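Please examine the sequence and the coordinates shown here before reading on. The paragraphs below are meant to be followed with the structure open.

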Amino acid sequence: MCGIVGYVGSKKATPVLINGLLSLEYRGYDSAGIAVIENNELSVLKDKGRVANLKQMPEIENLNSSIGIAHTRWATHGKPSRENSHPHLDNSKQFAVVHNGIIENYHELREFLTSKGYSFLSQTDTEVIPNLIHYYYTNGISDEDKFLRAVKSAVDDLKGSYAIEVISKLYPDRVIVVRKDSPLVIGTTKEENFIASDIPAILPYTKDFYLLDDYEYAVIYKDHIKFFDNTLSSRSKAIKNIEWDATAAEKNGFEDYMLKEIYEQPNSIRETIGSRFKLGEKCSFDDINLSKEYLQSINKIYIVACGTAMHAGLIGKNAIEKLCHIPTEVDIASEFRYRNPIIDDKTFCIYISQSGETADTIAALKLAKSKGAKTLAVSNVIGSSITREADYTIYTHAGPEIAVASTKAYTSQIVLLVIFAIYLTENLGRSDVATTESLKADILDLPTKLESVLAETEQIQKFADKIYTEHDMYFLGRGCDYNVAMEGSLKLKEISYIHSEAYAAGELKHGPIALIENGVTVIGILTNPDLVEKSISNLQEVVSRGAKTLIITNQKLSNSNFNYIINIPEINPLVSPILSVVPLQLFAYYIAKNKGLDVDKPRNLAKSVTVE
Ligand code: G6P
């Protein structure tokens, strides 16, 4: 997975390219490079390491070109090295390519090209692309639109996923792009055009975007763009105006994006609620028109996602089952797609993906569609791949999430799923008005209550300061508190590299309690009034074995054997995860900070996993 940027205009390209790459580093950050056309020659600067290394290369100052492409890499084929960094050139150095995705048949393409006399400098799958372009360019392509036709012939040979940018020293006025299953957007103004893997990278320059479809080509000049379909017939395309504010994608005085995004949650939740309901009125989703007959025919719901989004799905399941009485299963997308799930036209499938680009989630959606189920995407990114595959989409509207570890997207996903559950029950005619109205009131209260949770940050920081050198931690809870424990544990692993596990508190005695010894840290989440007493008994068992305990609760605890207690406001249990997860997000954050780690870009992880 990688990030790509491109520019064609009248100003110097390199600062635009570098700034774009910096905001795409969440997609990968082991190597970076740029190619520009300088005095009718391709100039390439690239190396392993972060974009900051590229920025500091002395030669970069001498590049005055106003057309270029750039790449920040997360290695898939070939270790991080200068040779494996993008852009890649063909042997004749006439074509430069950057690519995000995976070319599955690159071995055979490499063999074919080798048999035609081409040689390769890298171990990447990408290097076949510029050479294929050169091969077709010099072998039987007619003169008309020769560059585009050569790119198209090369792309026709590729199997896999790709977002590709190509420039050529023979055509110094244009960038050609094409995509399939990897994201690519084009930002446009009258006198310059921008390309990127996602919107925030070019938001500082424009709010007008073209969202490229799979197999669609764009030939991008500084003052106009030509679009073509997969047969190279020209097509027109509408501009989409993106309302995000550029400053919303910057740090706004916070030390890291993650902390900023944690603090943004009261606001992102307000945005998610938007105008989807008012007290006393039914919930509505403008883009969904599911008839009552269809809704009544649903006999099972699957919620499918990866990572944090899957954890949000677990909370959604609880809300749907409680409010709608429809059996709901939550699945990890990479499992779902290969386990032959039982799906028919009475199955409704919900796919949650912040980025909308997660390969496993998209594949799982395509599978359900092919078996006749109706599909709903829950995404944060307008026009993302998953939203184009699904029958229906609802957007979280949480604003851009940059830190690799997801925080505000998770809470917004939960809010949206709970509102969707209310919508379902209301439209099924199964709602109990008193229950749904009181739940709606609690949802509207969430932002204010979240602000009061955030006001306790210092307390959480103090506990984190005391225990950040530890190697193992355990998170316990029951019901949704267990689901939140899973998310808290994932956050901790992701950014602090501390080993941690989440257990259903009642399961402790069936094995994990063997791990509890003097000084081990156990974090308990106790918010469901019906289950609190039972969880307290389980926590008592760890206290008596010498564990240090941090408790997140909205109940008055009679027992004060615990080391630290963080009190959060009481709220309907269906949405209390939104309040109880925040101390856990902060806890993971401050532990990672104490360890001196890069919280926004944890090792080995990427924000959007567009490969299997
Ligand atoms: C990666 C990220 C996680 C994220 C997961 C699903 O693993 O590191 O933070 O939860 O992908 O991403 P999605 O964009 O589909 O929600």
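The account begins at the ligand, turns to several individual residues, and ends with the backbone.

The model is a predicted one. Its ligand sits in the largest pocket. There are 14 residues around the ligand, and those that come nearest are Ser353, Gln354, Ser355, Thr358 and Ala606. Helix α9, spanning residues 307-324, supplies the largest share of this shell, with 3 residues.

Oxygen atoms of the ligand lie at short listed distances from polar atoms of the protein, and three such pairs may be inspected. In the side chain of serine 353, an N or O atom is 2.6 Å from a ligand oxygen. For glutamine 354, a polar backbone atom is found 2.7 Å from an oxygen atom of the ligand. Threonine 308 likewise takes part through its backbone, where an N or O atom lies 3.1 Å from a ligand oxygen. On its own the ligand has 390 Å² of accessible area, of which the protein covers 91%.

Isoleucine 352 belongs to strand β18, which runs over residues 347-353. Is this isoleucine 352 buried or exposed? Isoleucine 352 counts as buried, because its relative accessibility is 1%, and the limit for that class is under 20%. Beyond its sequence neighbours within four places, isoleucine 352 is in contact with Ile303, Val304, Ala305, Ala309, Ala312, Gly313, Thr361, Val378, Gln413 and Leu417. A long separation in the chain can also be followed from here: isoleucine 352 and lysine 595 are 243 residues apart in sequence, and their C-alpha atoms are 32 Å apart in space.

Glutamate 401 lies in a loop, the one between β20 (392-395) and α13 (408-428). With a relative accessibility of 5%, glutamate 401 is counted as buried. A polar atom of the glutamate 401 side chain is 3.2 Å from the backbone nitrogen of lysine 408. When neighbours within four places in sequence are left aside, the contacts of glutamate 401 include Glu261, Gln354, Asn380 and Lys607. Gln354, one of these contacts, is also among the residues that come nearest to the ligand.

Serine 385 is located in helix α12, residues 385-389. Serine 385 is buried at 7% relative accessibility. Which side chain makes a polar contact with the side chain of serine 385? That of glutamate 357 does, at 2.5 Å. Outside the four nearest places in sequence, serine 385 is in contact with Arg179, Gly356, Glu357 and Ile362.

The backbone deserves separate attention. Most residues other than glycine have a negative phi, and most peptide bonds are trans. Against that background, the peptide bond from histidine 86 to proline 87 is cis, its omega being near 0 degrees. Proline 87 is placed in the loop between β4 (67-73) and β5 (88-89). Between proline 87 and glutamate 401 there is a sequence separation of 314 residues and a C-alpha to C-alpha distance of 27 Å.

Two residues other than glycine have a positive phi. Asparagine 39, in the loop between β2 (31-38) and β3 (41-48), has a phi near 50 degrees. Asparagine 39 counts as exposed, at 71% relative accessibility. Aspartate 181 has a phi near 60 degrees and is found in the loop between β8 (171-180) and β9 (185-188). Its relative accessible area of 24% makes aspartate 181 partly exposed.

How values were computed: Residues are numbered from 1 along each chain as its sequence is written. This is a predicted model: local features need pLDDT of at least 70, side-chain atom pairs count only at pLDDT 80 or more; totals for chains, interfaces and linings use all residues. Side-chain values use heavy atoms; hydrogens and water are left out. Helices (H or I, at least four residues) and strands (E, at least two) are DSSP runs, numbered from the N terminus. Buried means under 20% relative accessible area, exposed over 50%, partly exposed in between (1.4 Å probe, protein chains only). Contact means heavy atoms within 4.5 Å. A polar contact is a pair of N or O atoms within 3.5 Å; within protein, one must be able to donate a hydrogen and the other to accept it, and residues adjacent in sequence count only if both atoms are side-chain atoms. A residue is near a molecule or strand if one of its heavy atoms lies within 4 Å of it. Accessible areas come from the Shrake-Rupley method with a 1.4 Å probe; for residues, only the protein chains shown count as cover. On a 1 Å grid over the protein atoms alone, a cavity is a set of points where a 1.4 Å probe fits but cannot get out, and a pocket is an open set with protein on both sides within 12 Å along at least five of seven lines; lining residues have an atom within 4 Å of a point. A molecule sits in a cavity or pocket if more than half of its atoms lie within 2 Å of its grid points.
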